[in-house]
Amino acid sequence: MRRVVITGAGTVNALARDVAGTYAAFAEGRCGIGALDIRDKDRLSIQIGGQVKGWDAEALFSRQQITLYDRFTQFTLTAAEQAIAQSGLVFDGDLGDCSGVVLGTAAGGVNTWDESYRAVYAEDKNRVHPFVVPKLMNSAGASHVAMQFGLRGPSFSVSTACASSNHAMGLAFQAIRGGGAQVMVTGGSESMLCFGGIKAWEGLRVMSQTACRPFSLNRSGMVQGEGAAIFVFEDYDHARARGAVILAEVIGFAMTSDASDIVMPSQEGAARAIRLALRDAKVAPDAVGYINAHGTGTAANDKTECAAIAQVFGPAADSVMLSSTKSMHGHLIGGTGAVELLACLMALQQGVIAPTIGYEVADPECALDVVPNQAREVPVDVVMSNAFAFGGLNAVLVLRKAA
């Protein structure tokens with residue numbers, strides 16, 4: 001089995017438009033959630049989100065590209081350019097043939113759907129742009145990354161609600177470890193902060209009108225965000241032979257299904273994913289120093305996740321640090337696990353643990369060290385990233401500090 005390392009990272013999110021800026025925001029405990037600036041906001045009851053403000057597509061892409069790139073694809077390509085530039089890779093010749101893309105997104109081109117429905121139903125137009133379908137499809141981001149960088153190996157998108165990015169990154173890890181690829185560009189993106197996207201989520205009645213406060217007893221629900229994070233996963237021997245800077249090593253992955261309820265999480269399903277990921281990584285629970293929690297800020301998710309961690313970790317649960325960065329950048333739905341992996345990289349690289357901000361009142365059912373409100377400087381060697389999605393779809397990654 002091949003070893004798999006990360007040699008590049010890039011991001012666009014509500015906190016910053018690069019990795020360094022995102023690390024700084026995590027360390028400061030800065031909140032990127034604020035008032036939304038979108039069309040028809042006055043018709044929404046939810047008016048906050050982790051929005052990428054001031055995004056100027058025309059300054060980054062040509063007019064022809066914009067006709068093909070939904071906002072989620074624009075975020076994807078921008079983050080991918082950063083990640084691949086950091087990796088130093090050029091995908092020509094044989095390397096392009098054995099390198100691919102696997103990305104996570106829950107909904108793909110929601111902005112394109114929203115604009116097209118408005119044109120047809122609200123503005124009585126009888127036609128839409130001929131590129132609406134290739135612009136809105138979930139696989140658009142993966143396809144455009146593959147085309148731009150010459151990645152001719154396995155390339156596809158994964159859609160498993162809020163676990164999409166973790167599933168994508170786990171599959172990329174398995175592809176390289178099993179010999180199916182040399183390099184995989186992976187991660188995820190989402191942009192649902194438009195009228196239709198938010199209106200649909202309002203119907204679930206799980207959204208907060210004020211703030212995202214994971215694990216705090218006075219939580220009032222989740223807050224949506226948008227953006228992307230993209231990584232270069234690479235075969236260790238290949239990376240070492242070319243003298244690449246290794247950001248971290250991916251050492252374990254597991255995925256499970258609750259097979260029980262479409263919206264309510266299962267403690268046992270989450271616990272099995274955590275347990276299997278540790279087994280795959282060949283590490284004991286007490287070796288894990290930090291967990292980036294799914295931590296949505298809903299009572300059902302927060303309590304179930306804490307119970308699952310306590311079940312698997314046993315006495316070690318009292319010493320592991322746990323935080324939810326959704327409190328800062330919002331819940332990016334299918335892209336969220338990718339942005340959250342940045343907090344894991346920061347913990348391994350810099351020994352800085354991102355906090356759970358907005359924490360005000362202790363919840364006895366979430367009695368773990370949730371790193372409340374302020375970042376912590378603690379060196380860690382092994383970290384875990386959890387994703388537990390609607391439909392009971394669970395995906396957990398384990399990373400180790402670069403040797």
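In helix 8, the buried residues are Ala140, Gly141, Ala142, His144, Val145, Ala146 and Phe149. This is a predicted model. Helix 8 spans residues 140-149, and seven of its ten residues are buried, so the rest of the structure largely encloses it. Buried here means under 20% relative accessible area.

What do the buried residues of helix 8 pack against? Their partners are helix 4, helix 7 (132-136), strand 4 (99-104), strand 5 (155-158) and strand 6 (183-190). After helix 8 comes Gly150, with a positive phi near 70°.

**Strand 8**

Strand 8 covers residues 248-257 and is mostly covered, with eight of its ten residues buried. Strand 8 pairs with strand 1 (residues 4-13) in an antiparallel arrangement, through three bridges. Within strand 8, Glu249 is the residue opposite Val5. Strand 8 also pairs with strand 14 (residues 393-401), again antiparallel, over nine bridges. One pair there is Thr256 with Asn394 of strand 14.

**Pockets**

Rolling a probe the size of a water molecule over the atoms shows where empty space is left. The two pockets are set out below.

| Pocket | Volume | Lining residues | Lining by class |
|---|---|---|---|
| Largest pocket | about 490 Å³ | 23 residues | eight nonpolar, five polar, ten charged |
| Second largest pocket | about 350 Å³ | 27 residues | 14 nonpolar, ten polar, three charged |

The largest pocket holds about 490 Å³ of space. Which residues lie closest to its centre? They are Arg71, Asn111, Glu115, Leu193 and Cys194. Helix 4 (71-87) and helix 6 (110-122) are the elements that give two or more residues to this lining. Helix 6 makes the largest contribution, with five residues. Ten residues of the lining of the largest pocket are charged.

The second largest pocket has a volume of about 350 Å³. Nearest its centre are Val263, Pro265, Thr298, Asn301 and Phe390. Helix 13 (299-313) and strand 13 (382-389) each supply at least two lining residues. Which element gives the largest share of the lining of the second largest pocket? Helix 13 does, with four residues. Three residues of the lining of the second largest pocket are charged, while 14 are nonpolar.

**Links between the parts**

Helix 4 appears twice in this account. Helix 4 packs against the buried residues of helix 8, and helix 4 also gives two or more residues to the lining of the largest pocket.

Note on methods:
Residues numbered from 1 in each chain as written. Predicted model: local features only at pLDDT ≥ 70, side-chain atom pairs only at ≥ 80, totals over all residues. Heavy atoms only, no water. 1 Å grid on protein atoms, 1.4 Å probe; cavity = no way out; pocket = protein on both sides within 12 Å on 5 of 7 lines; lining within 4 Å. Points joined across faces, edges and corners; volume = space filled by probe spheres on them. Nonpolar A, V, L, I, M, F, W, Y, C, P; charged D, E, K, R; others polar. Buried < 20%, exposed > 50% of the residue type's maximum accessible area, 1.4 Å probe, protein only. Pairing = 2+ DSSP bridges. Contact = heavy atoms within 4.5 Å.
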